[in-house]
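Please read the points below with the structure open beside you, and check each one as you go. They are written as a colleague's note, for someone in the first year of study.

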Amino acid sequence: MLFELRTYTAVPGRLPDLLKRFETITLGIWERFGIRQVGFWTVQIGESNVRLYYMLQWESLAERERIWNSFMADPEWLARRAETEKNGPLVASVVNAILEPTAFSALK
């Protein structure tokens, strides 16, 4: 099992719009593709309150590549994302890391 930690830095003032897009659009499309989310987090106390962190769960890198590439090319996703960005982008930058659990990790 692999986990993907993705960190989105929102354009200033656009984090609420980004959260709404995940809640009302993205998660439904992910469900259709079988993308499994572990959780989503925003910063309550820390260096930046314009970041969204979320984690996805994958069986393998091959599964991730196949499913994620299909999702990113999905016509519904592309159209709905464009609708949410008609007043400009929501995300300034994205950083992601593929994580492998250690032998002693509670999540495996």
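**Notes on a surface patch and the aromatic rings**

1. On the surface, Val38, Trp41 and Leu107 together make a nonpolar patch of about 260 Å², and please keep in mind throughout that the model is predicted.

2. One of the patch residues, Leu107, is found in the segment that comes after strand E4 (91-99). Leu107 has a relative accessible area of 45%, which means that it counts as partly exposed, since that class lies between 20% and 50%.

3. Turning to the rings, the count comes to 13 aromatic pairs, where two rings pair if their centres lie within 6.5 Å. Among them is the pair of Tyr8 and Phe22, which is tilted, with 5.8 Å from centre to centre and 55° between the planes. Because Tyr8 belongs to strand E1 (residues 2-10) and Phe22 to helix H1 (residues 15-33), this pair ties together parts that are 14 residues apart in sequence.

4. Are these two residues, Tyr8 and Phe22, buried or exposed? Tyr8 is buried, at a relative accessible area of 8%, and Phe22 is buried as well, at 6%.

5. Phe22 also pairs with Trp30: the ring centres are 5.8 Å apart and the planes stand at 70°, so this pair is edge-to-face. Trp30 counts as buried, with a relative accessibility of 1%.

6. Finally, ring pairs link Tyr8, Phe22 and Trp30 into a cluster that also includes Phe33, Phe40, Tyr54, Trp68, Phe71 and Trp77.

How values were computed
Residues numbered from 1 in each chain as written. Predicted model: local features only at pLDDT ≥ 70, side-chain atom pairs only at ≥ 80, totals over all residues. Heavy atoms only, no water. Phe/Tyr/Trp six-rings, centres within 6.5 Å; stacked < 30°, edge-to-face > 60°. Helix = DSSP H or I, 4+ residues; strand = E, 2+ residues; numbered from the N terminus. Buried < 20%, exposed > 50% of the residue type's maximum accessible area, 1.4 Å probe, protein only. Patch = residues over 30% accessible without salt bridge, like charges linked within 9 Å, V, L, I, M, F, W, Y side chains within 5 Å. Areas by Shrake-Rupley, 256 points an atom, 1.4 Å probe, with all protein chains shown as cover. Salt bridge = Lys/Arg side-chain N within 4 Å of Asp/Glu carboxyl O.
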